[in-house]
Amino acid sequence: MAAPALPSRLPAVGTTIFTVMSRLANEHGAINLSQGFPDFAPPALLLERVTHHMQAGANQYPPMAGVLPLREAIAEKVARLYGACYDVESEITVTAGATQAIFTAIAACVRPGDEVIVFAPVYDSYLPAITLQGGAAKVINLAPPHFRPDWGEVAAAITPRTRMIILNTPHNPTGTVWTADDMAALSRLVRDTDIVLLGDEVYEHILYTGRHESLARLPELRERSFVVSSFGKTYHITGWKVAYCLAPKELTTEFRKVHQFNVFTVHHPSQLALADFMRAEPGFADGLAVFYRQKRDFFRKQLEDSRFELLPSDGTYFQLARYDRISDLPDTEFARWLTTEKGVAVIPVSAFMPDGTDHGLVRFCFAKNEATLAAAGEKLRAV
């Protein structure tokens, strides 16, 4: 009996490049510097607390918006860092990872015919979420090596149908960090409009220059913004898939209408454990910049004598590199070759370009133990 014919709502979408390259790394025993996850343990106290809460009986549904102690801890953190006061009852929602938060914000706001401005290289979940709502992405291409936004181009892209602008800072995959001047330019563009902003700020604690210019920091932007951050990136627990979304009450109301029907709520003991840890170790996130700067610098040192040309990395735990002194292969083919023949898995940056533009760049993840980075460096220097 044949399966029903089902026209695809995402006909151009295949398996994500992160899954493809991690699978290839596993098949060929390659060192996996492709997918963005650490190969070291999260804090021991955090693991102890989640075990404690499971054994104490926190194994049933928590509140839809997230447990109160965690929302309170989030509010305290955001007030301390950005001077922003979010109401724990009506403006903070715990989500099943940042991808779910981003999808939910888009689903809550974007209607058929609406336009959403995104910046490429663009994280791969944004465009499918826009398409599924019947929206249209307007792509602003950022040029290497610095990948700075051209605000004149952004202004020209805004039309009466512009519903949302999505920004990602610190930026995956480029490591670019938006500045206060960027945020001021954005403020001028959206002033006196109904444009909603969606800030993917999952690497908010991992930047090596200046300070993180959160949408939550400026009242004029905060009042029209969804701000998404990730416990996975902050506490080395990407597999837990716990994040949160900040937004003013009116936007949160619409956000939760979608949230309650696509996930409803998030793993109960993990939320309680995170609340405990944030109270016990409030400075943990503040040390991430130094922690990852050391890893970035160690990895860059490993490649000093290689034929890779390293681009700036001012934030995130990613490093872009040119490989034109090694090969003239397209970046996807080069990434496969490097994985299967040389034993190091990477991500081709064209995977982040909606039009497939190939700048001859690959992305390395350096959120790894030094032994892993040293072993990768040995292989890469030999390429």
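**Figure 1. Pairing of Val-94 with Tyr-244 at one edge of the seven-stranded sheet.** In this predicted model, Val-94 lies opposite Tyr-244, a residue of β8. The two strands concerned, β2 and β8 (residues 243–246), run antiparallel and are joined by four bridges. β2 (92–95) is an edge strand with a single partner, so one of its sides has no neighbour in the sheet.

**Figure 2. The seven-stranded open sheet and helix α7.** The strand order is β2-β8-β7-β6-β5-β3-β4, and the pairing is mixed. Edge positions are taken by β2 and by β4 (136–141); each has a single partner strand, so each leaves one side without a neighbour in the sheet. From one strand to the next the twist averages 20°. Helix α7 (residues 180–190) packs on this sheet and touches β5 (162–168) and β6 (196–200). The directions of α7 and β5 make an angle of about 175°.

**Figure 3. The four-stranded open sheet.** Here the order is β9-β10-β13-β12, and the pairing is antiparallel. The edge strands are β9 (309–310) and β12 (347–348); each pairs with a single strand, so one side of each is without a neighbour in the sheet. Two bridges link β9 to β10, and Glu-309 has Arg-322 of β10 as its bridge partner. Five bridges link β10 to β13. Two bridges link β12 to β13 (residues 361–365).

**Figure 4. Arg-363 of β13 and its partners on two strands.** Leu-320 has Arg-363 in β13 as its bridge partner. Ile-347 also stands opposite Arg-363. Strand β10 (residues 318–322) has four of its five residues buried, so this strand is largely enclosed by the rest of the structure.

**Figure 5. The loop between β4 and α6, with a cis peptide bond and a positive phi.** Most peptide bonds are trans, and most residues other than glycine have a negative phi. The bond from Pro-144 to Pro-145 is cis, with omega near 5°. Pro-145 belongs to the loop between β4 and α6 (151–157). Phe-147 is found in the loop between β4 and α6 too, and its phi is near 55°, a positive value in a residue other than glycine. Phe-147 has 1% relative accessibility and therefore counts as buried.

**Figure 6. The cis bond before Pro-170.** Thr-169 and Pro-170 are joined by a cis peptide bond with omega of about -15°. Pro-170 sits in the loop that runs between β5 and α7. Helix α7 in turn touches β5 and β6 of the seven-stranded sheet.

**Figure 7. Phe-264, a residue with positive phi.** Phi of Phe-264 is near 70°, although the residue is not glycine. The loop that holds Phe-264 lies between α10 (249–262) and α11 (268–280). At 34% relative accessibility, Phe-264 counts as partly exposed.

**Figure 8. Overall setting of the close-up views.** The protein has 14 helices and 13 strands. Its C-alpha trace spans about 60 × 55 × 50 Å along the principal axes. The radius of gyration is 21 Å, which agrees with the value near 21 Å for a compact globule of 383 residues. Of the 383 residues, 56% count as buried. Among contacts between residues at least 6 apart in sequence, 75% join residues at least 24 apart. The accessible surface comes to about 15,900 Å², and carbon and sulfur atoms account for 53% of that area.

Conventions:
Residues are numbered from 1 along each chain as its sequence is written. This is a predicted model: local features need pLDDT of at least 70, side-chain atom pairs count only at pLDDT 80 or more; totals for chains, interfaces and linings use all residues. Side-chain values use heavy atoms; hydrogens and water are left out. Two strands pair if DSSP finds at least two bridges between them. Axes are lines fitted to C-alpha atoms, for helices over the stretch in contact, and angles run from 0 to 180 degrees between N-to-C directions. Contact means heavy atoms within 4.5 Å. The radius of gyration is taken over C-alpha atoms; the globule rule is 2.2 Å times the number of residues to the power 0.38. Buried means under 20% relative accessible area, exposed over 50%, partly exposed in between (1.4 Å probe, protein chains only). Accessible areas come from the Shrake-Rupley method with a 1.4 Å probe; for residues, only the protein chains shown count as cover.
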